[in-house]
Amino acid sequence: MNITVEKSKPLKGTIEIPADKSITHRAFMFSALTKGKVKVSNFSKGADCISTLNIIKQLGCNIDFCNDKELIIDSSVALKAPSEILDCGNSGTTTRLMAGILAGQSFNSILKGDMSLSKRPMKRVIAPLELMGAKIKHNDYKLPLEIIGSPLKGINYNSPLASAQVKSCLLLAGLYADGETIFSEPYKSRNHTELMFEYMGADIKTDGNTITIKKSQLYPVDIITVCGDISSAAFFMAAALIVPDSDIMIKNVGINETRSGIIDVFKSMGGNIEIINERLVSNEKVADIRVKYSKLKAVVIEGSIIPRLIDEIPVIAVAASQAEGTTIIKNAQDLRNKEADRITAVQTELSKLGADIQETPDGFIINGKSELQGNCEIECYHDHRIAMSAYIAGLICKKPIKINEFQWVNISFPEFLGLVSKLIS
Ligand code: S3P
């Protein structure tokens, strides 16, 4: 699907952001481990989470859709050997977390993925899982992975990466491993696994950036309510900040501190952002966020804040092109291992629009403020976040832009275009 984006009038009004992708994956997978029934309310309908749902079905879970917003996962007879290959689609989270679950089972399984996922590095989970005793056949540390279910033992792993996917993979394997599994990371990555494990009764302790888990059974809680996705809200926050005279309210957004780096960065750029009605939903912090058009100034983004906003960097780069001064983004080299090489993709596509952006090995140097010209064709690189970031840039271009293959948005945010038109109608 190719679309055209034109210069926008101000964004006005209120929207509710759909469910968080990271938390939905975990709600589906962890419910599948309870040997009971769990209701998941307000789950993400993005293709990535549907890949996870299909896999837990293949592993023996019964899924009962109560209505459009709620489903019940019954894992009384799960997990059992799948009769077919498990397809992770485009989803790195599905692959890496499922690898942790499957490594310690008493059956074998195979994980595969689409073209983009099949190029992504899996050594980051295979190597520590092997230290725990896992047996995994792989294609030079890429998909497909053949996982031979094996007894696991706890390890003390000092991860070189601050990655929630690696951490969650090992904590899941730790549920099945004899003894203690201890995981440390250089900076704190998103902690949804730890919070949901606590909520479901696992024997888990957090001390700074170190997590310890003992072999445990997750218990079936009555309901997990998934809050809105701050990574989706990010596109509307950026749009309201850069489209003159905008003033929007985004409701029900997860503001877990390990995810809310974008709010800190936009505030330090001079963004007019108000956090209202803070509350706790299924052990996660949630709020409504009001964002108004603002004169932005450049910032330096580096170090421990990077994992707190890793998925938002493409759209932060769009906002930085509208900030006075030189924005520098460093220590974000793992962006090259996402659905696309997001450093090269953002640099290439924003340059086409007329932004002054240079790529570095681990980030960007962006000189603002540039008047974006548009009048060009944008590629998405099979990457939902590149597609939506380009769309937001298109809202302030002088001339219309065409975005090719915009359907990649459906990976995380099928409701995106509907919500945009609600705010600019
Ligand atoms: C995710 C963790 C992050 C993030 C991804 C989702 C998760 O990846 O980029 O979109 O749900 O655990 P890394 O763990 O590779 O940083």
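**Figure 1. Composition of the shell around the ligand in the predicted model.** The residues of this shell divide into five charged, four polar and two nonpolar. Arg26, Arg124, Arg190, Asp311 and Lys338 surround the ligand together with Ser22, Thr93, Ser163, Ala164, Gln165 and Ile310.

**Figure 2. Elements and domains that supply the shell around the ligand.** Helices α1 (21-31) and α5 (164-176) each contribute at least two residues of the shell. Domain 1 (3-19 + 227-424) and domain 2 (21-225) each provide at least three. The largest pocket is the space taken by the ligand.

**Figure 3. Polar contacts of the ligand with Arg26, Ser163 and Ala164.** From Arg26, a polar side-chain atom lies 2.7 Å from an oxygen atom of the ligand. Ser163 likewise places a polar side-chain atom 2.7 Å from a ligand oxygen atom. At Ala164 the contact involves the backbone: a polar backbone atom is 3.0 Å from an oxygen atom of the ligand. The ligand taken alone exposes 380 Å², of which the protein buries 94%.

**Figure 4. Cis peptide bonds at Leu143-Pro144 and Gly368-Lys369.** The bond joining Leu143 and Pro144 is cis, with omega about -5°. Pro144 belongs to strand β9 (residues 142-148). Between Gly368 and Lys369 the peptide bond is also cis, with omega about 5°. Lys369 is in the loop between β22 (363-368) and β23 (377-378).

**Figure 5. Positive phi at Asn42.** Asn42, a residue other than glycine, has a positive phi near 60°. Asn42 is placed in the loop that runs between β3 (37-41) and α2 (47-58).

Definitions and conventions
Residues are numbered from 1 along each chain as its sequence is written. This is a predicted model: local features need pLDDT of at least 70, side-chain atom pairs count only at pLDDT 80 or more; totals for chains, interfaces and linings use all residues. Side-chain values use heavy atoms; hydrogens and water are left out. A residue is near a molecule or strand if one of its heavy atoms lies within 4 Å of it. A polar contact is a pair of N or O atoms within 3.5 Å; within protein, one must be able to donate a hydrogen and the other to accept it, and residues adjacent in sequence count only if both atoms are side-chain atoms. Accessible areas come from the Shrake-Rupley method with a 1.4 Å probe; for residues, only the protein chains shown count as cover. On a 1 Å grid over the protein atoms alone, a cavity is a set of points where a 1.4 Å probe fits but cannot get out, and a pocket is an open set with protein on both sides within 12 Å along at least five of seven lines; lining residues have an atom within 4 Å of a point. A molecule sits in a cavity or pocket if more than half of its atoms lie within 2 Å of its grid points. Helices (H or I, at least four residues) and strands (E, at least two) are DSSP runs, numbered from the N terminus. Ala, Val, Leu, Ile, Met, Phe, Trp, Tyr, Cys and Pro count as nonpolar, Asp, Glu, Lys and Arg as charged, and the others, Gly among them, as polar. Domain bounds come from an automatic or database domain assignment.
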